[in-house]
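Hi everyone, thanks for making room for me today. I'd like to walk you through one structure, so please have the sequence and the model open while I talk.

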Amino acid sequence: MTKNLLTGLLASALLGFGVAAQAQDCPRGVLDDMYCDSNGDMVADTPADPKQWKDPGTLVFTYTPVEDPAVYRDAFADFQNYLAEKTGKKVIYYSVHSNSAQVEAMRSGRLHIAGFSTGPTGYAVNLAGYVPIAVKGTEEAFQGYNLIMLVRADSDIQTMEDVKGKTVAHTAVSSNSGNLAPRALFPLIGLTPDEDYKVVYSGKHDQSVMGVLSGDYDAAPVASDVYDRMVEAGRVKGEDFRTIYTSARFPTSAFGYAHDLHPDLVARIKDAFDSYRFPAEMQETFGGADRFYPITYKEDWQIIRDIAHATGTAYTKNGLQQLAEKEAADAAKQRAEALAQQAQQ
């Protein structure tokens, strides 16, 4: 059963990459052969041929699968209604359960507007023609987050040096704060993942936090905004944890659209993001952010690309395939463990 599940998940995640696209004769930088980047902004151009512009009757929207998809389907319900009003289209929410599947959905044309988490944004840009335009924020700046290293409050781990020899939960291979940033930043302070401590993958930030609390992991690097929301929601108590490391600030999830949407539709989508203001409940969910703050991938994702480069992460088809294989293997393992627990009950 585990083998069949692994095969099915991997096939689904890589469905859009089974057919080679014909390369276009144009400047593209590091983008896939399907796309052009004539102006050097590092994202895919709108197709030159108007026949390739898409103007669907229904727009499909989703948010990063890092946490419970149902929570964010509800959180974005008001924005979906606003987006529908501004575009004159029906807007539906499409739940995805892995980063690779989300990238594939946009590349294959099944996803039109999305919020990609920080790390996988590079895959979406290079391989799926994703055009990031905004990050949650305020009038002054975009909303950022930090990589924090959590331990239990009663742990004997007081410093990062004490983490050596321990078991540490990273989240997912493609995660910026949950894997890539620790691999790039921790060695600078004398702590190398996989060498100085054992790395296990929890799958999600909230699962890392809960695993530290339960004692399954000695420590975990997670996104500070995810942890803060868990505390605010009462899922965990802040006094049960201690933070032993805090990084510089990173941008949170990017929001944007598929490059081949009709320019008139793109203008309406941009207007929706520019003019929408979060209602009180949405502000509470997203840590005080009250709007979508405009960003560019070339400038605002520079630090994330630098981290990816430092860790040998390639935003290529091979890189995504490795990500999909890891995500599928983790999902199969979690399913097997759940079935084993059920059998013992």
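Let me start with a definition: I call two rings of Phe, Tyr or Trp a pair if their centres lie within 6.5 Å, taking the six-membered ring for Trp. Please also keep in mind that this is a predicted model. With that definition, a search of the whole structure turns up 25 aromatic pairs.

Here is one of them. Tyrosine 63 and phenylalanine 255 have ring centres 5.6 Å apart, and their planes meet at 10°, so this pair is stacked. Where do tyrosine 63 and phenylalanine 255 lie? Tyrosine 63 is in strand β1 and phenylalanine 255 is in strand β10, so the pair ties together parts that are 192 residues apart in sequence. Are these two buried or exposed? Tyrosine 63 has 5% relative accessibility, so it counts as buried. Phenylalanine 255 is at 0%, so it counts as buried too.

These two rings also belong to a cluster linked by ring pairs. Among its members are Phe61, Phe76, Phe79, Tyr82, Tyr93, Phe273 and Phe292.

Now to the sheet. Six strands make up an open sheet, and reading across it the order is β2-β1-β3-β10-β4-β11, with mixed pairing. At the edges sit β2, residues 90-93, and β11, each of which pairs on one side only. From one strand to the next, the twist averages 30°. As a general reminder, strands of a sheet pair through backbone hydrogen bonds, either parallel or antiparallel.

Let's look at both kinds of pairing. Strand β1, residues 58-63, pairs with β2 in the parallel sense over four bridges. If you want a place to put your cursor, threonine 58 stands opposite lysine 90 in β2.

For the antiparallel kind, go to β4. Five bridges join β4 to β10, residues 254-258, and the two run antiparallel. Valine 131 has tyrosine 257 as its bridge partner in β10. Four bridges join β4 to β11, residues 291-294, again antiparallel. There, valine 135 is partnered with tyrosine 293 of β11.

How many of the eight residues of β4 are buried? Eight of the eight, across residues 130-137, so this strand is largely enclosed by the rest of the structure.

Helices pack here as well. Helix α3, residues 77-87, lies across β1, β2, β3 and β11, and runs at about 155° to β2. Helix α9, residues 263-275, packs on the sheet and touches β1, β3, β4, β10 and β11. The direction of α9 makes about 165° with that of β10.

On to charges. The structure holds 13 salt bridges. In one, the side chains of lysine 89 and aspartate 55 meet at 2.8 Å, N to O. This pair links distant parts of the chain: lysine 89 is in the loop between α3 and β2, while aspartate 55 is in the loop between α1 and β1, 34 residues apart. Lysine 89 has 13% relative accessibility, so it counts as buried. Aspartate 55, at 44%, is partly exposed.

Another salt bridge joins the side chains of aspartate 194 and arginine 183, also listed at 2.8 Å, N to O. Aspartate 194 is in the loop between α6 and β7, and arginine 183 is in helix α6, eleven residues apart. With a relative accessible area of 22%, arginine 183 is partly exposed.

Back at β11, arginine 291 forms a salt bridge with aspartate 290, with the closest N and O atoms 2.9 Å apart. Arginine 291 is buried, with a relative accessible area of 16%. There is also a network of salt bridges linking Asp32, Arg107 and Lys317.

My last stop is threonine 171, in the loop between β6 and α6. Its relative accessibility is 1%, so threonine 171 counts as buried. What does the side chain of threonine 171 make a polar contact with? The partner is the side chain of serine 175, at 3.1 Å. Leaving aside residues up to four places away in sequence, threonine 171 touches several others, including Gly178, Tyr201, Lys204, His205 and Pro221.

That's my tour, and I'm happy to go back to any view you'd like.

How values were computed. Residues are numbered from 1 along each chain as its sequence is written. This is a predicted model: local features need pLDDT of at least 70, side-chain atom pairs count only at pLDDT 80 or more; totals for chains, interfaces and linings use all residues. Side-chain values use heavy atoms; hydrogens and water are left out. Buried means under 20% relative accessible area, exposed over 50%, partly exposed in between (1.4 Å probe, protein chains only). Two strands pair if DSSP finds at least two bridges between them. A polar contact is a pair of N or O atoms within 3.5 Å; within protein, one must be able to donate a hydrogen and the other to accept it, and residues adjacent in sequence count only if both atoms are side-chain atoms. Contact means heavy atoms within 4.5 Å. Axes are lines fitted to C-alpha atoms, for helices over the stretch in contact, and angles run from 0 to 180 degrees between N-to-C directions. A salt bridge is a side-chain nitrogen of Lys or Arg within 4 Å of a carboxyl oxygen of Asp or Glu. Rings of Phe, Tyr and Trp (its six-membered ring) pair if their centres lie within 6.5 Å; planes under 30 degrees apart count as stacked, over 60 as edge-to-face and the rest as tilted.
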